[in-house]
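This report describes selected local features of a protein structure. Please consult the sequence and the structure shown below while reading.

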Amino acid sequence: MRLDELLSDLHSRLEATLSTRDRVHSLLEAVLSIGSDLDLATVLRRLTEAAAHLVDAEYAGLGVIGEDGRFVEFIPVGVSEEEARRLALFPHGKGILAVPSRDRRALRLRDLREHADHHGFPDGHPPMRSFLGVPIQVRHEVFGNLYLTEKRGGAEFDEDDEAIVTALGTAAGVAIENARLYEETRLRERWLTASTEITTRLLSGDDTDEVLAFLAQQARAMSEADIAVVLLPDAQDRRLIAEIADGPVAAEILGTPVDMSETKCGLVYRNGTAVSVPDLRQANCPMLTHRGFGPGLLVPLGTPAHTRGVLLLGKLGARSPFNDATRRMLDAFSGQAAVALELAEARRDAERLVVLEDRDRIAKDLHDVVIQRMFASAMTLMSTIRLISDPEANERVQRTIDDLDETIREIRSTVFALQHPPTPAESSLRERILASAEGAARALGCQPGVNLEGPIDADVPEEVGEQLLAVLAEALSNVARHAHASEVHVSVEADEWLTLHVTDDGCGIPEQGRRSGLRNLAERAAALGGTFTAGPRRGGGTEVRWSVPLSPIDTASPTERCLPAMVGRPDVSPEHHREPVD
């Protein structure tokens, strides 16, 4: 029996030795596995899984500590995705979780609920009793804490478990440092590449919205966010509008307004300083509050003195907040992008200035050279017409004078258009008139001819222009529905009166037809102090004339107004002037 006892003891010692050898072998394999990768996320995940396997723990977690002592990242092992989604809060590294890093030594407990710093579990957290917490140091600084809970079989963590996890954490410190340096280098390289791409695109003339969409996409990828939104101010600077979004719910977010006066988005826009939001579910951010987004980051686009907009980033659920390194990187990234936007806008303004100078030069040449010579020719013909006795020749010269008068009107209209171009953000009244005529072509069955005269864009008030467009649309609609015309002409003239002529070669206005549409046009003219007529056109068809005043009425004819005005002496007849001067 003594021999049996000795053999049993020897067998136990052999099993313990083999177990220790196996654990050491597993520890070495874990260290090799951790050190074989340079991706920081992969290294931390392998470290946490290896620690749980070595001490046979059901749950494990690794908390990465930030500059303020809170967790900037937490990697759970053993918790399912569904359980993680049910957790109401992301662990912040306070209470019992802060003890290992604070004391810089391992903490081993039979029941963590008995510890003085235990403050309970958040809603949805699985039950835990046995606990082992070990600090992980990198270059004599605590990088984070490794936590093991619920040793399988209901046993407690012993000294061997503590020694194994401590050795693993010490060996992992070098791998973590290498992975962190590699991660910072890789992120900096991506940031420089993205910044160069944005600058190149903007200075190459790419559309600003496309470049901002690329900015949102890159910022979301570099920060590992689930949504990125570019908020730009409206015309009144009272609200921020979600103009660009990148992420799974981007289409639902676009166009959402955010009030500047009551939100952190507005605060960031006004102050030009980046702000981290712990939980977007409690923030006043209508587009993300009810969509399950947790940590958020607000980064201004531009400088504090000139903020162009706000970049909003968000993560879904109870995830780690954006750390200071990410915030600094995105702040510099968005600032450089804003500088590129400024340079691109300055370049476009310079190009537009060159175009405007060319337009002004062309307008001056038309006005000072072409129109003057045409007026001189018209006045010469007017002086000559009284010397012609042949009626047919007299009529031909008169038609030539009328053609010159019409051509001068068209050139003057072109001069006005060149000297008063619309801004890029708006559409001119001329363009809207042309667009309305072209839009009615399909319903009319033909392309209407359009003649525009005078300073239509410069002198016509906005409200009068809106009335003109409404009348034009109604008139063309009447032609399309009732006239059966093959030819339609539209003429708009702006002088002291704004006059619209619409003529067609159709069947005319029936005697017993409905007049509600015409009555509406007459009421629009009367409301502006103008006149409206609709009747048969010479040669067949219908002629509609809608006219409202822009200035006091002048009863002189167009030729009587234009020719003397160009020579500057309305009381002197044209034949007394050979070289008109405007």
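## Negative surface patch

In this predicted model, a patch of negative charge on the surface is formed by Asp207, Asp209, Glu210 and Glu243. One of its members, Asp207, belongs to the loop that runs between helix H5 (159–203) and helix H6 (208–223). With a relative accessible area of 42%, Asp207 is partly exposed, because that value falls between the limits of 20% for buried and 50% for exposed.

## Phe214 in helix H6

Helix H6 also contains Phe214. This residue is buried, its relative accessible area being 12%. Between the C-alpha atoms of Phe214 and Arg201 the separation is 9.9 Å, and the two residues are 13 residues apart along the chain.

## Aromatic pair

One aromatic pair is present in the structure. The ring centres of Phe131 and Tyr147 are 6.0 Å apart and the ring planes stand at 35°, so the pair is classed as tilted. That class applies because planes under 30 degrees apart would count as stacked and those over 60 as edge-to-face.

Phe131 is located in strand E4 (residues 131–138) and Tyr147 in strand E5 (residues 141–151), so the contact ties together parts that are 16 residues apart in sequence. Both residues, Phe131 and Tyr147, are buried.

## Residues with positive phi

Most residues other than glycine have a negative phi. Asp56 departs from this pattern, with a positive phi of about 60° although it is not a glycine. Asp56 sits in the loop between helix H2 (40–54) and strand E1 (57–65), and at 37% relative accessibility it counts as partly exposed.

His484 likewise is not a glycine and has a positive phi, of about 55°. Its place is the loop that connects helix H14 (462–483) and strand E13 (488–494). His484 is exposed, with a relative accessible area of 68%.

## Salt bridges

Side chains of opposite charge can pair when their charged atoms come close. The model contains 16 salt bridges. Among them is the pair of Asp56 and Arg152, with an N to O distance of 3.5 Å. Asp56 lies in the loop between H2 and E1, and Arg152 in the loop between E5 and H5, so this salt bridge ties together parts that are 96 residues apart in sequence. Arg152 is partly exposed, with a relative accessible area of 46%.

Another salt bridge joins Glu162 and Arg108, whose closest N and O atoms are 3.0 Å apart. Glu162 is part of helix H5 and Arg108 is part of strand E3, so the pair ties together parts that are 54 residues apart in sequence. Glu162 is partly exposed at a relative accessible area of 23%, and Arg108 also counts as partly exposed, at 34% relative accessibility.

## Salt-bridge network

Which residues accompany Asp117 in a network of salt bridges? Arg102, Asp103 and Asp117 are linked in this way. Within the network, the closest N and O atoms of Asp117 and Arg102 are 3.5 Å apart. This pair links distant parts of the chain, 15 residues apart: Asp117 is in the loop between strand E3 (107–109) and E4, whereas Arg102 is in helix H4 (residues 99–103).

Asp117 is partly exposed, with a relative accessible area of 22%. Arg102 counts as exposed, at 52% relative accessibility.

Notes
Residues are numbered from 1 along each chain as its sequence is written. This is a predicted model: local features need pLDDT of at least 70, side-chain atom pairs count only at pLDDT 80 or more; totals for chains, interfaces and linings use all residues. Side-chain values use heavy atoms; hydrogens and water are left out. Patches are made of residues with over 30% relative accessible area and no salt bridge: like charges are joined within 9 Å, nonpolar side chains (Val, Leu, Ile, Met, Phe, Trp, Tyr) within 5 Å. Accessible areas come from the Shrake-Rupley method with a 1.4 Å probe; for residues, only the protein chains shown count as cover. A salt bridge is a side-chain nitrogen of Lys or Arg within 4 Å of a carboxyl oxygen of Asp or Glu. Lys and Arg count as positive and Asp and Glu as negative; His and the chain ends are not counted. The place of a charge is taken as NZ of Lys, CZ of Arg, CG of Asp or CD of Glu. Helices (H or I, at least four residues) and strands (E, at least two) are DSSP runs, numbered from the N terminus. Buried means under 20% relative accessible area, exposed over 50%, partly exposed in between (1.4 Å probe, protein chains only). Rings of Phe, Tyr and Trp (its six-membered ring) pair if their centres lie within 6.5 Å; planes under 30 degrees apart count as stacked, over 60 as edge-to-face and the rest as tilted.
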